[in-house]
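This report covers strand pairing and burial in a single chain. The sequence and coordinates come first.

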Amino acid sequence: MKYSLIIENISQIFTAAEKDPLISGGDLLIAVDGNGLIDFAGSKSDFIKLSPEFRNGSDLIYDAEGRAVYPGLIDSHTHLVFASTREDEFALKASGATYEEIAAAGGGILNSTKKTKTATLEMIVEQSAKRLEQIISYGVTTIEIKSGYALDVEGELKLLRAVKELKKRYPVEIVPTFLGAHAYPEKFRNDHDGYIDLIINEMLPEIKKENLAEFVDVFCEKGYFSLKETEKILVAAKEAGFGLKLHADEFNSLGGTELAADLGAASVDHLEEITEEGIRKLALSGTVAGVLPVTSVFSRLPFAPASKMIENGVKVALATDMNPGSCMCGFLPLAASLGATQLKLSIENSLKGITSSAACSVGRSDRKGRVAKGMDGDLVIMDSSSWIYPVYHFAHNHVHRTFIKGRPLTLKGLSS
Ligand SMILES: [Zn+2]
């Protein structure tokens, strides 16, 4: 067997497996085959029995020097691609203005919309690339990115083309989501049917034609998209062959969570105000709950009841929600630390939230988010011998080295 990568001298491996997600005991090894897939993860002595000649057939043998290894991290909910930051609004927010008051004063999503429309594709790509590079340095190897800051045909296509350009430039896995239903643009404030028509009959076909998005998302909330409007868009998106995601139950429970479950959405996210019925439906449907604790901190929102969801059999992903308004933070490990400190999740469940459960949320559970035979060799060596330490010593980047499909990551790409 030819290996692209052997990592040896590992203290602990957090595999994110459903049961027993930790391999410990020291002197562990991970082997990635020539196709970039994990072939082995376990004790070095067991591996030597299977492959005594491994040193002769390996492109790279990396000594972890007693550090712990995680699967590559997955940020399953971001709005990374936008044209301009909104620190002025942040100052208003610091003085006590609410999300709804800021929106009423002409701020919020529509503020980003104005700036996005005048920006060129190149400007958006350059700004977003800088943020993406920071995120990659935190051990993120898969990231979902939503559009939603243009709200017209040309602008939404421009944002999704910017995501496509980032995909070309960086070796991380990027999952593009169309969020044209993020808010009603000024022009359609009193003509909701007109904007929904534009989404369904012009935006969706164009996006499909250029293959610019895998998922379609809607912001189901008072003052944004009603339950009925949300359903109309999601049903059309499903018929057009897109996967579904949803922003729901952030400020009010309108029934969006139940709708996401009924339509077989990959995830429904936010859920600060989820109901008992919503939790029950998610557990039955397998739709992942995307919980965003960094947003709760940044925007002074209550935390979603994540531990209750897990107790009731719901899969919970934790993501940053990185965006210029309600959460200007792309530091995904913080979501896991807040999982442990604020959401009262175990370390296991906090880390599954940014690995295996996040993979389910973006339709990648067959390839990403776990250290197991046959999965992509996306691995992060943390600068700690303990798998718990990076969650415990929070708001600090503990990444020592990242590998994607068995190749060491540098920001210039993957070294061969
Ligand atoms: Zn969001």
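Strand 6 and strand 7 (residues 140-146) run parallel and are joined by three bridges. The model is a predicted one. Within this pair, I74 has T142 of strand 7 as its bridge partner, and D75 stands opposite I143 in strand 7.

On to the next pair: strand 7 is linked to strand 8 (residues 173-181) by five bridges, again in parallel. Here I143 stands opposite I174 in strand 8. I143 thus appears in both pairings, opposite D75 and opposite I174. Strand 7 is mostly covered, with seven of its seven residues buried.

The two pairs compare as follows.

| Strand pair | Bridges | Direction | Citation |
|---|---|---|---|
| strand 6 and strand 7 | three bridges | parallel | |
| strand 7 and strand 8 | five bridges | parallel | |

Both pairs belong to an open sheet of eight strands, ordered 6-7-8-9-10-11-12-13, with parallel pairing. Its edges are strand 6 (73-75) and strand 13 (316-318), each of which pairs on one side only. On average, neighbouring strands in this sheet are turned by 25° against each other, with direction ignored.

Which residues of helix 13 are buried? They are L332, P333, L334, A335, A336, S337, L338, G339 and A340. Helix 13 spans residues 332-341, and nine of its 10 residues are buried, so the helix counts as mostly covered under the cut-off of 20 or more other C-beta atoms within 10 Å.

Terms used. Residues are numbered from 1 along each chain as its sequence is written. This is a predicted model: local features need pLDDT of at least 70, side-chain atom pairs count only at pLDDT 80 or more; totals for chains, interfaces and linings use all residues. A residue is buried if 20 or more other C-beta atoms lie within 10 Å of its own, exposed if 12 or fewer, and partly exposed in between; C-beta atoms are placed from the backbone. Helices (H or I, at least four residues) and strands (E, at least two) are DSSP runs, numbered from the N terminus. Two strands pair if DSSP finds at least two bridges between them. Axes are lines fitted to C-alpha atoms, for helices over the stretch in contact, and angles run from 0 to 180 degrees between N-to-C directions.
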